[in-house]
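Biologist: I would like to go through this model and ask what stands behind the terms used for it. Please set each value against its cut-off.

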Amino acid sequence: MGSIDRSKRRSSQLWKKALVHFAMCFVVGFFTGFTPPSTATLFERRPVSSIGILPAAPVEAVERVVERGASVNRTLAEITSTVPAAAVRDDPPPDAEASGTRGPEPSSRRLLIIVTTTRSSDRFLGASLRRMAHTLRLVPPPLVWLVVQAHADAAATAPMLRTTGVMYRHLSYKENFTDPGVEADHQRNVALSHVEYHRLTGIVHFAGASNVYDLRFFDEIREIEVFGTWPVAMVSENRKRVMLDGPICLSTKVQGWVLKDLSSDKRLLVASTELNPKPPKINVSGFAFNSSILWDPERWGRPTSLPDTSQDSIKFVHEVILEDDRKLKGIPADCSKIMVWHLYTPSVIPLPFHYQKLRSEGK
C-alpha cells in the first residue's frame, strides 16, 4: 500500500508542476502582447546604401506614372494595371551616407545611373530598348536604368520594361517638341532633375538606345571620380561609314580631341594637325560624370551653378566639360580601345533591289 501511495503523490506532483509551467507561460505570453515592439530587434532594418537588380514587377502590380517635377515618393498618381502607364521602381531616396556626404563610395560599389532617351519616330525603339536591357542585365549591380519618354508614347513601352529584369525608372513628360535635338536635351534634363531630387549618388552615363557596349566599359566608368571620357565609334550602315569621335590620351590625361573618318583609313593614324584643343561637338555618349556635381559643385572645385543653368542641367554639364580638360579621365588607359559603338539606323528600311524593280514596273 505504501508504494502505491508514493506513486500517486509523485504523479500528482508532476501534474502540479506541469500546470504551474503552463500558467506561467500563458501569463508571460499574455502580457508580452501588450508590450510595444522594440527598435532593437534581431532582424534590424538597415538603410539601403545602394540599389541592385530587382526582379520585374508582376503584371497585376500597381503601376506609377512619373512626370517631370513630381516626387516619386509623395505625389505619384497611382493607377491600376488595367490602364497602361509609365512604370517606375519606387525606391526611397538614399540616406545621407549613400548620398555622398561622407565621401565617395568605393569604385567597386558605385551605382551606375544609365540614362536612355527616346524618339517617337524611332521604328526600332522597342528592339533597341530590349537589346539595351539584355546588355544591362549582364552588368554587376548596383545599376539603375532611367528611360525617358514622351507621355503619349510611354504606355506602349511600359509592359516591355516590366519584363526586362533590370532595375529601372520610367520617366515621362507632356511637353511637345518639333526639334529632335531640343527634345533630346529636355529628356536629359528630366533624367538629371530626377537624379538630383532623389540624390542618386553614382556615375551618370547617357546610353543611346542604339549603342553597343563592351561589358568591360561599365567596370571602367566605375573608376571615375569627377568626369570621364572615351572614344566612340559611330557606325552608319546605309552610308557604309565609320567615324571616330573622342579624346586622344596620354595615360589617362586628355591631350586633344579628334573627329576622324575611318571608312578608308582603318589604321587610326592621327596627325597633330587633326587634334583639336576642345571637342568640336559634345557627344554625350562619350562622357560620364559623378552625379553629386549636380547638387554639390563646390566639392569638385566649381563655385556654384550659374543662374541660367540651374534649370538646364545638361547645359551645366557641357560647360564643366569644356572649361577644364584636367577634370577629365581618359578611359581606358591611353584611350587605346573603342568600347562604345553608336549605330545609326535608317528611319525607313530600304527594299531589296528586286522588290524595287517590281514596284517600278507596277507589279
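Biologist: What pLDDT does the chain average, and how many of the residues score at least 70?

Modeller: This is a predicted model. The chain averages a pLDDT of 75, and 65% of the residues score at least 70. Among the elements, strand S3 (residues 111-116) has the highest mean pLDDT, 98, and strand S2 (residues 77-79) the lowest, 28.

Biologist: Which contacts does the stretch 69-102 have, given a pLDDT below 50 there?

Modeller: Beyond near neighbours in sequence, residues 69-102 have 84 contacts in the model. Residues 305-310 also have a pLDDT below 50, and that stretch has seven such contacts.

Biologist: What makes S7 and S11 edge strands?

Modeller: Each of them pairs on one side only. The open sheet has five strands in the order S7-S14-S9-S10-S11, and its pairing is mixed. Direction ignored, neighbouring strands of this sheet are turned by 15° against each other on average.

Biologist: How do you know that S10 and S11 pair?

Modeller: Two strands pair if there are at least two bridges between them. Strand S10 (residues 241-250) and S11 have eight bridges, in the antiparallel sense. One of the partnerships is that of Leu244 with Lys260 in S11.

Biologist: Where does helix H2 lie?

Modeller: Helix H2 (residues 125-137) lies across S7 and strand S14 (340-344), and runs at about 20° to S7.

Biologist: Why is the pair of Phe217 and Trp230 called edge-to-face?

Modeller: A pair of aromatic rings is described by the distance of the centres and the angle of the planes. Rings pair if their centres lie within 6.5 Å, and planes over 60 degrees apart count as edge-to-face. Phe217 and Trp230 are 4.8 Å apart centre to centre with 75° between the planes, so the pair meets both conditions. Phe217 sits in helix H5 (residues 216-221) and Trp230 in the loop between strands S8 and S9, 13 residues apart.

Biologist: Are Phe217 and Trp230 buried or exposed?

Modeller: Buried means under 20% relative accessible area. Phe217 has 0%, so Phe217 is buried. Trp230 has 3%, and therefore counts as buried too. Ring pairs also link these two residues with Tyr213 and Phe218 into a cluster.

Biologist: What makes the pair of Trp257 and Phe287 tilted?

Modeller: Planes under 30 degrees apart would be stacked and those over 60 edge-to-face, with the rest tilted. The planes of Trp257 and Phe287 stand at 35°, with the ring centres 5.8 Å apart, so this pair is tilted. Trp257 is in strand S11 and Phe287 in strand S12 (residues 287-290), 30 residues apart. Both residues are buried. A search of the whole structure finds eight aromatic pairs.

Biologist: How do you know that Cys249 and Cys335 form a disulfide?

Modeller: The cut-off is a pair of cysteine sulfur atoms within 2.5 Å. The sulfur atoms of Cys249 and Cys335 are 2.0 Å apart, so the pair passes. The structure holds one disulfide.

Biologist: Which hand does the link of Cys249 and Cys335 have, and where are the two cysteines?

Modeller: The link is left-handed, with -55° about the S-S bond. Cys249 is in strand S10, while Cys335 is in the loop between strand S13 (328-330) and S14, 86 residues apart. Both cysteines are buried.

Terms used: Residues numbered from 1 in each chain as written. Predicted model: local features only at pLDDT ≥ 70, side-chain atom pairs only at ≥ 80, totals over all residues. Heavy atoms only, no water. pLDDT = per-residue confidence, 0-100. Helix = DSSP H or I, 4+ residues; strand = E, 2+ residues; numbered from the N terminus. Contact = heavy atoms within 4.5 Å. Axes fitted to C-alpha atoms, helices over the stretch in contact; angles between N-to-C directions. Phe/Tyr/Trp six-rings, centres within 6.5 Å; stacked < 30°, edge-to-face > 60°. Buried < 20%, exposed > 50% of the residue type's maximum accessible area, 1.4 Å probe, protein only.
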